[in-house]
Number of protein chains: 2
Amino acid sequence: MPPTTRNRTTAQTEQIRENVLIAADRLYYSRGIHAVGMDALRDESGVSLKRLYQLFPSKENLVEAVLHRRRGIWNSLVETAVATGSDTPRDQLLAVYDVLARWFDEDDFRGCVFINTFGELGGTAPHIAMLIREHKASFQARLAELVTKAGAPAALAHQLAILAEGAQTTAAIAGTNDAAHHARAAATTLIDTALATNRPATSHHNDGVDPPVTT
Amino acid sequence: MPPTTRNRTTAQTEQIRENVLIAADRLYYSRGIHAVGMDALRDESGVSLKRLYQLFPSKENLVEAVLHRRRGIWNSLVETAVATGSDTPRDQLLAVYDVLARWFDEDDFRGCVFINTFGELGGTAPHIAMLIREHKASFQARLAELVTKAGAPAALAHQLAILAEGAQTTAAIAGTNDAAHHARAAATTLIDTALATNRPATSHHNDGVDPPVTT
DNA sequence: CAAAGACGAGAACGATCGTTCTCGCTTGCG
DNA sequence: CGCAAGCGAGAACGATCGTTCTCGTCTTTG
């Protein structure tokens, strides 16, 4: 029951807003941002232009909201994978690449929204470029936490982040999901090598952990 | 001396064409493709619209020519690095990441043209998407040649390619060139691990090649 | 019922897009 | 010199962009 006004309930507004974000995400992701006009978004979302502009004061604002929402989705995917994947930091790190593998298999996969948007708008929209930079930095920071917990040197986190980024663009352009498995295999090698060579012992006596065979 | 007409020499035409491609590359690379109109390209190149359209029948054709030219430049960079870098396949592979390191240091670096263009146009321009896919595939094939020559399993080439792609996007978004060094360190680990475990001997007795210390 | 405010459909606006055309001017040749 | 062809500068074209406005309809409240 609406409180005392004939306005829409805030819950209804939030629902419409979410629907708009979903439609905008789908359109921007599949066709690029410049290629999708507000009219196309109106048709896709079923929300009038008037309401679109009262929900988001400008297209740039809408793009930022889409990126913000994607960031939340990505973080949730990573955290659930880390939480449910396994208990050792090593397997938690590897679980990230399993997330990638499942994502690449979706039939509308077309790469990383943030990378794509950076290429299209990074040179002309500094605010959006900064938002993208922060997102990538926070992902790297999360990897760094897990790497530290695993007892590996910090450089490993950067290497694992590069693998994740490269897997996304490679899978998008090639149109296959092989990149996820290759990235996972590479990550396994890098992690285990880092763990093996980081032991304080004088030499590498290899206590049970073999250098992995890349598949 | 012009042959028998008062038209421009073909050499002059080629020079103008190259100037246009250079100007278009600079504008598209720094601002994105949709954001650069033909008028802006006219101002930047000093070539009239009429001539622009007689050199390139459409903007899409021009974009393809820009990508084609970039592909030649990239291949030259890689081949000279491979040729002059060193003689062992291992160091030739690593030389690729030195190319990246020098590239990332350029002050107008903004990522890989092909990745950026794929994000912006890959969903709506299938011909351009295919061109980008072919370029990346040929780079991977070149890596595969070197990997085979090094005696490592073919999967290593995919891993090294993913590292190169990831380094480019990471460096572009972060705005630093650290990614090149991290990618090179990771590549060193992956190569040496692959070479060590690929020896036909029953176990890894590590004949002189230690697992590298990541830096 | 009456009145008022919110809403959707879509026209309208100025800007800019890719592309083509007009119009003087230059230039090389008989 | 006269003429024809090619050229640059820029106007022009239709389309589409992001954004705003109009107007008729509907809902809700007194």
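Seven residues of domain 1 of chain A are in contact with eight residues of domain 2 of chain A. On the domain 1 side, that meeting place is made of three nonpolar, three polar and one charged residues. The domain assignment behind this places domain 1 at 1-57 and domain 2 at 69-215 of chain A. Please keep in mind as you look around that this is a predicted model.

**The fold of chain A**

Chain A holds nine helices and zero strands, so to speak of its element order is simply to read α-α-α-α-α-α-α-α-α from the N terminus on. Of the 215 residues in chain A, 37% are buried. Looking at contacts in chain A with a separation of 6 or more, 56% are between residues 24 or more positions apart.

**How the two chains meet**

Let us turn to the pair. Contacts between the chains involve 53 residues of chain B and 53 residues of chain A. The elements of chain B that give two or more residues to this side are helix 1, helix 6, helix 7, helix 8 and helix 9, and helix 8 of chain B supplies the largest share, 16 residues. Sorted by class, the side of chain B that touches chain A looks like this:

| Class | Residues on the side of chain B that touches chain A |
|---|---|
| nonpolar | 25 residues |
| polar | 21 residues |
| charged | seven residues |

What operation relates the two copies? A turn of 180° with a shift of 0.0 Å along the axis lays chain B on chain A with an RMSD of 0.0 Å. This is the relation of a two-fold axis. If you would like a landmark for the axis, try Gly166(B): of the residues of chain B, its C-alpha comes closest to the rotation axis, at 1.7 Å. The copies meet through the same surface, because 100% of the interface residues of chain B are also interface residues in chain A.

**The nonpolar core**

The largest nonpolar core has 108 residues. Those touching the most other members are Leu160, Leu163 and Ala183 of chain A, along with Leu160, Leu163 and Ala183 of chain B. Leu160(B) is a good one to click on: leaving aside neighbours within four places in sequence, Leu160(B) is in contact with Leu93(B), Leu143(B), Ala187(B) and Leu190(B).

**A covered helix and a partly exposed residue**

Helix 6 of chain A, residues 113-121, is mostly covered, with nine of its nine residues buried. Among them are Val113(A), Phe114(A), Ile115(A), Phe118(A) and Leu121(A), and also Asn116(A) and Glu120(A). What covers these residues? From chain A, the cover includes helix 1, helix 4, helix 7 and helix 8. Chain B takes part too, with its helix 6 and helix 8 included in the cover.

Asp91(A) offers another view, in helix 5 (residues 89-104) of chain A. Is Asp91(A) buried or partly exposed? Asp91(A) counts as partly exposed because it has 15 C-beta neighbours inside 10 Å, whereas a buried residue needs 20 or more. Not counting residues up to four places away in sequence, Asp91(A) touches Gly85(A) and Ser86(A). Ala150(A) lies 59 residues from Asp91(A) along the chain, and their C-alpha atoms are separated by 9.7 Å.

Note on methods: Residues are numbered from 1 along each chain as its sequence is written. Chains are lettered from A and ligands numbered from 1 in the order in which they are written. This is a predicted model: local features need pLDDT of at least 70, side-chain atom pairs count only at pLDDT 80 or more; totals for chains, interfaces and linings use all residues. Two residues are in contact if their C-beta atoms, placed from the backbone, lie within 7 Å. Helices (H or I, at least four residues) and strands (E, at least two) are DSSP runs, numbered from the N terminus. Ala, Val, Leu, Ile, Met, Phe, Trp, Tyr, Cys and Pro count as nonpolar, Asp, Glu, Lys and Arg as charged, and the others, Gly among them, as polar. Domain bounds come from an automatic or database domain assignment. A residue is buried if 20 or more other C-beta atoms lie within 10 Å of its own, exposed if 12 or fewer, and partly exposed in between; C-beta atoms are placed from the backbone. Copies are superposed by least squares on the C-alpha atoms of residues with pLDDT of at least 70 in both. A nonpolar core is a set of buried Ala, Val, Leu, Ile, Met, Phe, Trp, Tyr and Cys residues joined through C-beta atoms within 7 Å.
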